[in-house]
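I opened my notebook to go through a structure that was new to me, and I wrote down what I looked up, entry by entry.

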Amino acid sequence: MKKFIFVILVSLCCKFFCFAINEIENINTPTAEIIDYGVGGFHVRLYSYGGVVTKFVFGPFNRVNFGGSIDIANLIGFETPKVKDPAFYFKWRVFDGSKYFPAFAIGYDGQSYNFISNERVLPKGLFLVFTHNLFSALFFDFGVNFTKYRQDNELLGFLSFRFCIEDIINFGIEYENIPESDIEQLNCKLSLLLGRIVWIDFIFHRLNSQTEKIERQLRINYLYKFF
């Protein structure tokens with residue numbers, strides 16, 4: 001938790017100038033942002049032991065996104081690849097926000113992961129998320145999600161911060177699965193922006209763990225226009 005507070009204090013001392021990229025999620029947690037109408041988003045996420053998660057999201061209507069993802073463990077390497085069941089994705093941006101009120105969206109994300117010594121990262125399931133632009137290019141996201149944990153349906157919380165520096169570097173930090181102490185996670189990312197349609201995320205997963213090593217991941221994001 002001290003690491004989280006330190007990063008936030010440092011961020012408030014920076015001067016930010018950045019264009020907005022369509023970050024529909026921070027690392028594992030959603031935001032209230034969506035892919036624009038007629039635009040598609042695609043990312044590939046590389047994690048330990050040759051695992052690859054691919055995700056596609058499309059904006060067929062204003063304010064509404066549909067998509068899906070699939071996780072393939074051991075895709076890179078010499079072990080036999082394990083293909084997981086595909087997961088469905090949906091998000092509806094209900095309100096765009098104002099100066100004093102955050103934007104909010106509801107949705108569903110069925111993608112789970114097997115990171116860090118095969119410990120399972122829960123899917124977000126049904127979620128409600130709020131996003132507010134605090135100032136300049138600093139965004140605050142918070143919300144709740146309803147998912148299954150240990151055979152029970154649980155209501156969990158999450159929060160995150162995102163900001164950009166000089167149209168080149170994007171930084172994000174999140175704390176998820178509140179208040180389940182066994183699976184609460186602090187994650188962060190450092191993104192290199194190659195333009196308005198391509199950026200690369202360097203992800204550091206579970207910084208708060210006292211028993212597991214920090215996992216380093218790579219995520220490549222690409223936006224493209226259908227019509």
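I looked up Phe142 and found a relative accessible area of 30%, so I noted Phe142 as partly exposed, a class between buried (under 20% relative accessible area) and exposed (over 50%), with a 1.4 Å probe and protein chains only. Before going on I wrote down that this is a predicted model, in which local features need pLDDT of at least 70 and side-chain atom pairs count only at pLDDT 80 or more, while totals for chains, interfaces and linings use all residues. I also noted that residues are numbered from 1 along each chain as its sequence is written, and that side-chain values use heavy atoms, with hydrogens and water left out.

Next I turned to ring pairs, where rings of Phe, Tyr and Trp (its six-membered ring) pair if their centres lie within 6.5 Å, and where planes under 30 degrees apart count as stacked, over 60 as edge-to-face and the rest as tilted. By this rule I have a count of twelve aromatic pairs. One of them is formed by Phe130 and Phe142, which are stacked at 5.2 Å centre to centre with 15° between the planes. This pair links distant parts of the chain, since Phe130 belongs to strand 9 (residues 125-135) and Phe142 to strand 10 (residues 138-149), twelve residues apart; strands here are DSSP runs (E, at least two residues), numbered from the N terminus. Phe130 is also partly exposed, at 23%.

I then compared Tyr224 and Phe226, whose ring centres are 5.0 Å apart with planes at 65°, so I entered the pair as edge-to-face. Tyr224 is partly exposed at 23% relative accessibility, and Phe226 is partly exposed at 44%.

I also recorded one aromatic cluster, made of Phe95, Phe104, Phe130, Phe140, Phe142 and Phe161.

Is Gln217 buried or exposed? I found Gln217 buried, with a relative accessible area of 5%, and I placed it in strand 15 (residues 215-225). The side chain of Gln217 is joined to that of Arg45 by a polar contact of 2.8 Å, the term meaning a pair of N or O atoms within 3.5 Å, where within protein one must be able to donate a hydrogen and the other to accept it, and residues adjacent in sequence count only if both atoms are side-chain atoms.

My last entry is on Ile168, which lies in the loop between strand 11 (152-165) and strand 12 (169-178), and which is partly exposed, with a relative accessible area of 44%.

Note on methods:
Helices (H or I, at least four residues) and strands (E, at least two) are DSSP runs, numbered from the N terminus.
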